[in-house]
Amino acid sequence: MIVSPEGAKEIKVSPEWPTTGSVSFDKVMLRYRPELDHTLKKLSFNIESGHKVGVVGRTGAGKSTMGLVLSRILEIESGSVKIDGTEISQVNIHNLRSKITVIP
């Protein structure tokens, strides 16, 4: 097991990961700075593998923030984000980013 610079334990995923591409956010909380309100407040949803999803909403609703969380450009305060049942915070960041694509 590898320990990332942030101190979190990393797991090794297979070269084929992710195999199906299911994505789940579970009670994700995120704020940009400690003194600000949460941008994502207990955000939970599941996207089944093979589905295509468009995210729409008002300016400032958190659409871009979800993409930044999925690629770990922003780290969440609490909750979990999983791809194929694997917690992305435990996947090597370079490996994770090489496996996902976000189309803005």
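The following exchange concerns a predicted model of one protein chain.

Me: What makes the protein chain as compact as a globular protein of its length?
Reply: The protein chain contains two helices and six strands, arranged along the sequence as β-β-β-β-α-β-β-α. Its radius of gyration is 14 Å, and the globule rule gives 13 Å for 104 residues; the two values are close, so the chain is as compact as a globular protein of that length. Along its principal axes, the C-alpha trace spans about 40 × 35 × 20 Å.

Me: Why is the aromatic pair of Phe25 and Phe45 called stacked?
Reply: The structure holds one aromatic pair. Rings pair if their centres lie within 6.5 Å, and planes under 30 degrees apart count as stacked. The ring centres of Phe25 and Phe45 are 4.6 Å apart and their planes stand at 20 degrees, so this pair is stacked.

Me: What makes this pair a tie between parts that are apart in sequence?
Reply: Phe25 belongs to strand β3 (residues 23-30) and Phe45 to strand β4 (residues 40-47), so the pair ties together parts that are 20 residues apart in sequence.

Me: How do you know whether Phe25 is buried or exposed?
Reply: A residue is buried when its relative accessible area is under 20%. Phe25 has a value of 3%, and is therefore buried. In the protein chain, buried residues make up 32% of the 104 residues.

Me: Why is Phe45 called partly exposed?
Reply: Partly exposed residues fall between the limits of 20% and 50%. The relative accessibility of Phe45 is 24%, so Phe45 counts as partly exposed.

Note on methods:
Residues numbered from 1 in each chain as written. Predicted model: local features only at pLDDT ≥ 70, side-chain atom pairs only at ≥ 80, totals over all residues. Heavy atoms only, no water. Helix = DSSP H or I, 4+ residues; strand = E, 2+ residues; numbered from the N terminus. Rg over C-alpha atoms; globule rule 2.2 N^0.38 Å. Buried < 20%, exposed > 50% of the residue type's maximum accessible area, 1.4 Å probe, protein only. Phe/Tyr/Trp six-rings, centres within 6.5 Å; stacked < 30°, edge-to-face > 60°.
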